[in-house]
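Please open the model in your viewer and keep the sequence panel visible beside it. The tour below proceeds from one selection to the next and states what is found at each stop.

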Amino acid sequence: MSTDNTSTLKSYVDSATGAVQNAVGSIIGSNGDQVEGQAKKEKAQAEYDASHATAKLPGFTASSSGAVAKDHPDRNAGSYNQTAGAAKEFVGGVLGNESLKQSGREQNLQGQEQEAKGQINDYVSGAADRAAGTLGSGFAGLTGDRVKQAEYQDQHDTGKTQQRGAEHDIVKQAEAKQ
């Protein structure tokens, strides 16, 4: 379990608080409030960046919280089918074999669909784990069960990592199509 529980929502709240303190300091002429407000905004940006920090590697994602999430099998299989399909399509084009070319095109499209299904599965599953982990951790905290609270926090962190991994791939694919 991470002791530095970064949160996107917390970063938004901290950023707004810093902006208000900076503005109030500017209005009343307090350099101390302005500097402190600016420091809060910068800390909030660092929290936001840490909340979204992931390392996307083939087959899994690791996050700054220390959580690791394995990709849904359809993501890897879909990626393989896209690569194999593109290779068949290329070879078919070079050889003038329309049947091989068409077969490759179809395999590539099927691979894209398969990978997208895996990404959706990972995104939804990650969101569900985040929600369950948050609720469970809160309840366990109220009852004083620190062991369960840590388990639920791990579930939250793994879900968040799984969701960020799917987001990473979806954004990367969207940028490639532009």
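**First stop: a network of charged side chains**

Begin by selecting D71, R75, D122 and D169, which are linked in a network of salt bridges. A salt bridge here is a side-chain nitrogen of Lys or Arg within 4 Å of a carboxyl oxygen of Asp or Glu. Side chains of opposite charge can pair when their charged atoms come close.

The model is predicted: local features need pLDDT of at least 70 and side-chain atom pairs count only at pLDDT 80 or more, while totals for chains, interfaces and linings use all residues. Residues are numbered from 1 along each chain as its sequence is written, and side-chain values use heavy atoms, with hydrogens and water left out.

Within the network, display D169 and R75 together: their salt bridge has its closest N and O atoms 2.4 Å apart. This pair links distant parts of the chain, with D169 in helix α5 (residues 146-177) and R75 in helix α3 (residues 73-95), 94 residues apart. Helices (H or I, at least four residues) and strands (E, at least two) are DSSP runs, numbered from the N terminus.

Next, add D71, which also forms a salt bridge with R75; here the closest N and O atoms are 3.2 Å apart. Are D71 and R75 buried or exposed? Both residues are buried. The term buried means under 20% relative accessible area, exposed means over 50%, and partly exposed lies in between (1.4 Å probe, protein chains only). R75 has a relative accessible area of 2% and is therefore buried; D169, at 8%, is buried as well.

**Second stop: a salt bridge within one helix**

Remain on helix α5 and select K148 and E151, whose side chains meet in a salt bridge (3.4 Å, N to O). The two residues are three residues apart in helix α5, so about one helical turn separates them. K148 is partly exposed, with a relative accessible area of 37%, and E151 is partly exposed at 42%. The structure holds six salt bridges.

**Third stop: the sheet**

Colour the model by secondary structure. The protein has five helices and three strands, and along the sequence they follow the pattern α-α-β-β-β-α-α-α. Now select the strands: they form an open sheet in the order β1-β2-β3, with antiparallel pairing. Two strands pair if DSSP finds at least two bridges between them. Because β1 (54-57) and β3 (68-70) stand at the edges with a single partner strand each, one side of each is left without a neighbour in the sheet. On average, neighbouring strands of this sheet are turned by 15° against each other, direction ignored; the axes are lines fitted to C-alpha atoms, for helices over the stretch in contact, and angles run from 0 to 180 degrees between N-to-C directions.

Zoom in on β1 and strand β2 (residues 60-63), which run antiparallel and are joined by four bridges. Which residue in β2 stands opposite L57? It is F60.

**Fourth stop: two buried helix residues**

Select G37, which lies in helix α2 (residues 31-51). G37 counts as buried because its relative accessibility is 0%. Leaving aside its neighbours within four places in sequence, G37 is in contact (heavy atoms within 4.5 Å) with G18, Q21 and N22. The C-alpha atoms of G37 and Q21 are separated by 4.8 Å, although these residues are 16 residues apart along the chain.

Move on to N108 in helix α4 (residues 98-143). At 14% relative accessibility, N108 counts as buried. Beyond its neighbours within four places in sequence, N108 is in contact with N81, Q82, G85, A86 and E89.

**Fifth stop: a patch on the surface**

Switch to a surface view and select V20, V24, I27 and I28, which form a nonpolar patch with about 420 Å² of accessible area together. Patches are made of residues with over 30% relative accessible area and no salt bridge, like charges being joined within 9 Å and nonpolar side chains (Val, Leu, Ile, Met, Phe, Trp, Tyr) within 5 Å. Accessible areas come from the Shrake-Rupley method with a 1.4 Å probe; for residues, only the protein chains shown count as cover. I28 lies in helix α1 (residues 8-28) and counts as exposed, at 57% relative accessibility.

**Last stop: the whole chain**

Finally, select the entire protein. Of its 178 residues, 28% count as buried. The accessible surface comes to about 10600 Å², of which 58% belongs to carbon and sulfur atoms.
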